[in-house]
Every structure is written in C-alpha cells, then in structure tokens.
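This report describes the fold, the charged contacts and selected surface and backbone features of one protein chain. The sequence and the structure are shown first.

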Amino acid sequence: YYHTNRKDDDVIISASLDFYLLPLCKEIGINTVICTEYDIKNGKIINENCKNEEKVKRFEAKYGKDAVIENAYGDSKGDYELLNRAEKGFMIKGEEVTVFK
C-alpha cells in the first residue's frame, strides 16, 4: 500500500529503534525519520520512547505547532494521538486500510 502512495516529503514517525529503522528508511528513500533513539553501548533508550503523545511532540518540535499533517497512517494504539493530529488519519491492519478520523 505504501509504495503506491509514497511522496518525496513523507515523514516516518515511529517508536521503532533508530539503529534498524534509519538504514531501512534510507534503503527505500525516506529522508526524514523521527524515531526512538537507542544507545547501543549502554543498552538504553535516549530521551523518551517515540510513541503516543511523544510522536506529536517531536513532530511539532521539528516543524512547529502550526505545521499540517495531511495524512497519517498507523497500525497500533501508540499512533492514536498522531492520527488525531492529522487532517486525515488511517489505520492499517494487514492489507486493510480504514479511516480513523
């Protein structure tokens, strides 16, 4: 689903850890990634896990409180706040995409 709707200005906002998400996003051409930072030397998450309200906080810290999220896609409860912040929110379950709001 994503590959057919991908745009050059897409932003990935994920609770996934940076050490594996960043290389994956680079491989598929996603330039902007906001995610959970992990210190592999001490085995600890740096700052807060990028989930729930933290996704919105980090987006707004990077782009400003007035920045528009046209479409947001999620697959878990940890995405609800971001989906509510978007003009249109969608939940993905397998191959099924449903309107969240």
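**A charged pair and its exposure**

The model is predicted. Asp8 has a relative accessible area of 70%, and because this is over 50%, Asp8 counts as exposed. Its salt-bridge partner is Arg6, with 3.5 Å from N to O between the two side chains. Arg6 is partly exposed, at 26% relative accessible area.

**Overall architecture**

The protein chain contains four helices and six strands. Read from the N terminus, these elements follow the order α-β-α-β-β-α-β-α-β-β. The C-alpha trace spans about 40 × 30 × 25 Å along its principal axes. For 101 residues, a compact globule would have a radius of gyration near 13 Å, and the 14 Å of the protein chain agrees with this. Of the 101 residues, 29% count as buried.

**Salt bridges**

Side chains of opposite charge can pair when their charged atoms come close. In total, the structure holds five salt bridges. Three of the pairs, with the N to O separation of each, are tabulated below.

| Pair | Closest N to O separation |
|---|---|
| Arg6 and Asp8 | 3.5 Å |
| Arg58 and Glu54 | 3.0 Å |
| Lys55 and Asp79 | 2.3 Å |

Where do Arg58 and Glu54 lie? Both belong to helix α3, where they are four residues apart, about one turn of the helix. Arg58 and Glu54 are both buried.

Helix α3 also supplies Lys55, whose salt bridge with Asp79 has its closest N and O atoms 2.3 Å apart. Asp79 is located in the loop between β4 and α4 (80-85), and Lys55 in α3, so this pair ties together parts that are 24 residues apart in sequence. Are the two partners buried or exposed? Lys55 has a relative accessible area of 5%, and because this is under 20%, Lys55 counts as buried. The relative accessible area of Asp79 is 6%, so Asp79 is buried by that criterion too.

Salt bridges further link Glu60, Lys65 and Arg85 in a network.

**The three-stranded sheet**

Strands of a sheet pair through backbone hydrogen bonds, either parallel or antiparallel. In this model, three strands make up an open sheet with the order β4-β5-β6 and mixed pairing. Its edge strands are β4 (71-74) and β6 (96-99), each of which pairs on one side only. On average, neighbouring strands of the sheet are turned by 30 degrees against each other, direction ignored.

How many bridges join β5 to β6? Strand β5 (residues 88-93) is connected to β6 by four bridges, and the two strands run antiparallel. Among the residues involved, Ile92 has Val97 in β6 as its bridge partner. Phe90 is likewise matched with Val99 of β6. The two strands form a hairpin with two residues between them, and Gly94 in the turn has a positive phi of about 65 degrees.

**Positive phi values outside glycine**

Most residues other than glycine have a negative phi. Asn47 departs from this pattern, with a positive phi near 65 degrees. Asn52, also not a glycine, has a positive phi of about 55 degrees. Which part of the chain holds Asn47? Asn47 is found in the loop between β3 (44-46) and α3 (53-63), and Asn52 is placed in the loop between β3 and α3 as well. With respect to accessibility, Asn47 is exposed at a relative accessible area of 61%, whereas Asn52 is partly exposed at 30%.

**A nonpolar surface patch**

Which residues form the nonpolar patch on the surface? The patch consists of Phe19, Tyr20 and Ile40, which together have about 340 Å² of accessible area. Of these residues, Phe19 is part of helix α2 (residues 18-28). The relative accessibility of Phe19 is 43%, and because this value lies between 20% and 50%, Phe19 counts as partly exposed.

Key
Residues are numbered from 1 along each chain as its sequence is written. This is a predicted model: local features need pLDDT of at least 70, side-chain atom pairs count only at pLDDT 80 or more; totals for chains, interfaces and linings use all residues. Side-chain values use heavy atoms; hydrogens and water are left out. Patches are made of residues with over 30% relative accessible area and no salt bridge: like charges are joined within 9 Å, nonpolar side chains (Val, Leu, Ile, Met, Phe, Trp, Tyr) within 5 Å. Accessible areas come from the Shrake-Rupley method with a 1.4 Å probe; for residues, only the protein chains shown count as cover. A salt bridge is a side-chain nitrogen of Lys or Arg within 4 Å of a carboxyl oxygen of Asp or Glu. Buried means under 20% relative accessible area, exposed over 50%, partly exposed in between (1.4 Å probe, protein chains only). Two strands pair if DSSP finds at least two bridges between them. Axes are lines fitted to C-alpha atoms, for helices over the stretch in contact, and angles run from 0 to 180 degrees between N-to-C directions. The radius of gyration is taken over C-alpha atoms; the globule rule is 2.2 Å times the number of residues to the power 0.38.
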